[in-house]
Amino acid sequence: MRPTTSVWLTSAVRPLGVASVPGAHGYVVAADALAAHADLTAGRWPGATQDGPVEVAVPGDVAHALRLGVGDEVVLGERRDGRAREPVPGSGDVTLVVVGTFTPVPHTDGPWDRDLLRGAGAGTVAGAAPTYGPFAAAPSARAASAVAVDRASLVARPDLAGRGPADRADVRRDVGSLTSDLRRTLGDPVTGVRVRTGLGGVLAAAETQERVTRSVVVVVALLGGALAAAALALAGRLVGVRRDAETRLLVARGAAASQLVARAAAESLVLAVVAAVVAVPLALALYRALTRLPLLADAGLTSDVGPTRALVLSVALGTLALVAVLVAPAVRAPDHRRPSRRSVRGRVGRAAADALLVALAVVGCLQLRGRPFAAGGGADPLLVAVPLLCLVAGSVVALRVVPWVARRAEVRAGRSPGLVLPLASWEVARRGHSTGAALLLVLATAAATFGTSLGATWATSAQDQADTRVGADLAVGRTAASPVAQAAALTALTGAVAVPVTDREVALGPVAGPGPATPVTRLAAIDTGHDAQLVRGRLPAGTTWAGLTAGLAPDAPASGIALPASAEGLDVAVTGVVAGGRPVPHLTVAPSVVVETAGGARQSVAGAPVPLDGAPHPQVLPLPSDAALQVVAIDLQVAAGSQADVLAQPTESRPLELTVTLTPPGTGAVTAPSGGWSGGVADDSLDALRAPGDVAVRRAGTGAAVTGRVGLVATALVDGPAHLVLTAFRPPADVPVLLGSELAGSIAAVPGDTLSLDLGSATLVARVVGVAPGHAALPRGASIVADHDALARAVVAHGPPADVVDVWWLAGVDDPRATAAQVDAAGLGDPVTRADLAAHLRDDPLRVGVQLALGLLVVAALVLAVAGTVVQTTAALDARAVDVARLQGMGVPRRVVVATLLVEHGVVTLLVVAGGAVVGAVTALVVGPRLVVSATGEVPVPAPVGVWPWPAQALLLAVLLVACTAVVAPVAARLARRATVAHLRMEGGQ
């Protein structure tokens, strides 16, 4: 198995000698797959270089920000991080020449997730100065060691098509030891070897799904086996009854029991051989036809497999069972005495057996409630028998209830003035009916209704799981593009509003002091102020999303500075001065402007550092989109320059006033609010910046000027830069959250409690405002829900700004599937609709066997029920020829006799089918939800709820009643025609 590979080599982040942006850093990338995932906009792709400058191509946004064009040269300086390193080729100053510009194609299948900036072009890496890149070199440039490689990324994609279980197990084992194998192969010079792969998890999940499907199929196979056993037992009994007179005659003529058994065995073996010979090709033909059904064909499971050992063994066991049931009547000696009523001991034994069956079924249900049906993917061998125990026990109990109901019906029917109804009711109540036939019919009805309900429960659970995992009709994953750029592109393509969602693993802990943190849990931050119909997920009766999420959203909207539409950039001029005492030289400030789309997506646009000398220092920041944006925050990073004398800096707090003027280029003007802005200090900057004052916003020509004040302790800047955050809203002290009931119970949290919320990129204070009901399915499978606006405000206010958008919900989409196809074709993210995910969970190739097995169970139950009814009715009515002749001899019209037989059979069928339907319904609603498991083998989220599909069940029961009644009509008519005086003469001669 030789996988396809892709190599991505990256240099360290090093200083760039660019006069237009002092202090800028960059990095070089050599990747063999980069050109295939980018559009060349100018020049050409770089070629191999041996001597002279290294040819590179740069993203268009980077070229614009650094004012580079094709043919310009830039120096990538030596790495400076304070660590001593041995010089290696390419570690010193390297001259780069720009030969082309490109635009990254943001698609989830591309390599941009391996880029340090994820294709954004500009940002910060590990808290360093503003970084630009990648500067893409030809893959062959690495052979000449023109630029020293800091890290290498190798992606391997194996092809496991056609691999068996043994090969998959070998791959899982090799993947588990991949890290140690790489370290041993690469040796000491390479450090920080990390392996990230989902292959082992994918293979494990596939094996788990396979075991889950196998467990459910075993349940269905047991039910089918029970139906087949009941049908064989009925057939054997009827054969014995039909041949009873012949057997008695043979015994009267001196035939020994061994001779009777040998005779029955010989006949049965011949029949079994014929059945086996026919069964194998019929089974193969049926299997091949089933695999060509759309359900299996679409899953790629079409097969032309030949006879297998399992098939031959199954047929052999079936034929042996057939032989056994046909020979069994011959083993028992015929009894010439008249049948008598069962003894008291027999009735007590039968009642005890019934009670034992019911007790076993109850114990099985309790065990099934106590632990998952297929924990870890494998079902407990005892638990798979629980549905069979429940159906058999219920069928036995139903057979005890049917005679009692029949006797009650006889009393009422006796009041009828006609003849048909009283006579039929008398026959039902007084005449003993075949227990075997009734058991087969009630068990078949119960199995068919159970299978139909379990299939509906499984499908409904798949839809509920999809609703919870997606959270909306259509979700789109993040790409390498910036949040604002992706949101604008999605809106321009689909016309929908791209609503940002945070969906990530977080940890909760105590707000202050040491204490235990919770295990990693999931946070979903959604737009609770949007239309409540956007959120999908099952809620308990009487609960709405609006009521459940009340109190999570901020009280007032942000007072942002609206920028004119179609603005490609923003002129940002920063003026700052430290007042009081002697001047503080060598201080710089780097502005970052946080812009927001109409849908709520936020992004920070970083600017270059400028000196704090009291003079304005303008620069142009490229906006990530030309859509309508507003500025909702400005992050000002104050730092001491490399030339600053730390010992000469003042130790006391000095007033610092910073003014940021935002002016759109061209003739457009901003729309500035009259107030509503506030100032705050980032959590890690409280030693350097103190007591932020009020923030003033005023018009400045076509722009707006935002002024903030804060106390500066310059000596504290030796520990790193400090952040003053000016926001268009009041900085929130905490983030209101809603906890899932299970999480709240595990940490004993109640409304009003405060917890530390670790997002990975920031740590905030979360305040519990509510606990969700026990059966509520929170979006994205989360156990913590927050408002996205409130979360984003807290992240911005506590600085520095971090990206908290993980996925998009598209609101206002009429056709989610068509829109998803548009998004996928445009490469704007990985779209997922809840309908498609539900279909995947239901019809996945590894899980489609569940639906097929349940469908086959329903069909088999119907066929066996009708076949058993035909056989039993034919035998029973033939034995009543004398009774029919008597009625006709007494002057009862033939049509009345036929009607009486049909009503009698219809009443029995109705009672038995009704009993079977009740048994199937109870079992389906009690046991069915426990049999539904997720793809991981655990209980699905949300927990399944039993479903009784009334239309499908009504149709099923109607078909069963009509079919079982219809097959009796020709038999009854034939009997009425053939029952003549000859039958009465035969009775008299007996």
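**Close-up 1. A network of salt bridges links Asp-467, Asp-473, Arg-536 and Arg-834.** What you're looking at is a predicted model, and it holds 21 salt bridges in total. Why would such side chains team up at all? Side chains of opposite charge can pair when their charged atoms come close.

**Close-up 2. Here Arg-536 and Asp-473, two members of that network, pair up through their side chains.** Their salt bridge spans 3.0 Å from N to O. Arg-536 sits in the loop between β13 (521-526) and α14 (545-548), while Asp-473 sits in the loop between α12 (435-470) and β11 (474-477), so this pair ties together parts that are 63 residues apart in sequence. As for how much of each is uncovered, Arg-536 is partly exposed at 23% relative accessible area, and Asp-473 is partly exposed too, at 23%.

**Close-up 3. Glu-596 and Arg-602 form a salt bridge.** Look for the closest N and O atoms of this pair: they are 2.9 Å apart. Are these two buried or exposed? Glu-596 counts as buried, because its relative accessibility is 9%, and buried means under 20%. Arg-602 is buried as well, also with 9%.

**Close-up 4. Asp-789 and Arg-793 meet in a salt bridge inside one helix.** Both belong to helix α16 (residues 788-798), and they're four residues apart, about one turn of the helix. From N to O, the salt bridge between their side chains comes to 3.3 Å. Asp-789 is partly exposed at 24% relative accessibility, whereas Arg-793 is buried, with a relative accessible area of 7%.

Note on methods
Residues numbered from 1 in each chain as written. Predicted model: local features only at pLDDT ≥ 70, side-chain atom pairs only at ≥ 80, totals over all residues. Heavy atoms only, no water. Salt bridge = Lys/Arg side-chain N within 4 Å of Asp/Glu carboxyl O. Helix = DSSP H or I, 4+ residues; strand = E, 2+ residues; numbered from the N terminus. Buried < 20%, exposed > 50% of the residue type's maximum accessible area, 1.4 Å probe, protein only.
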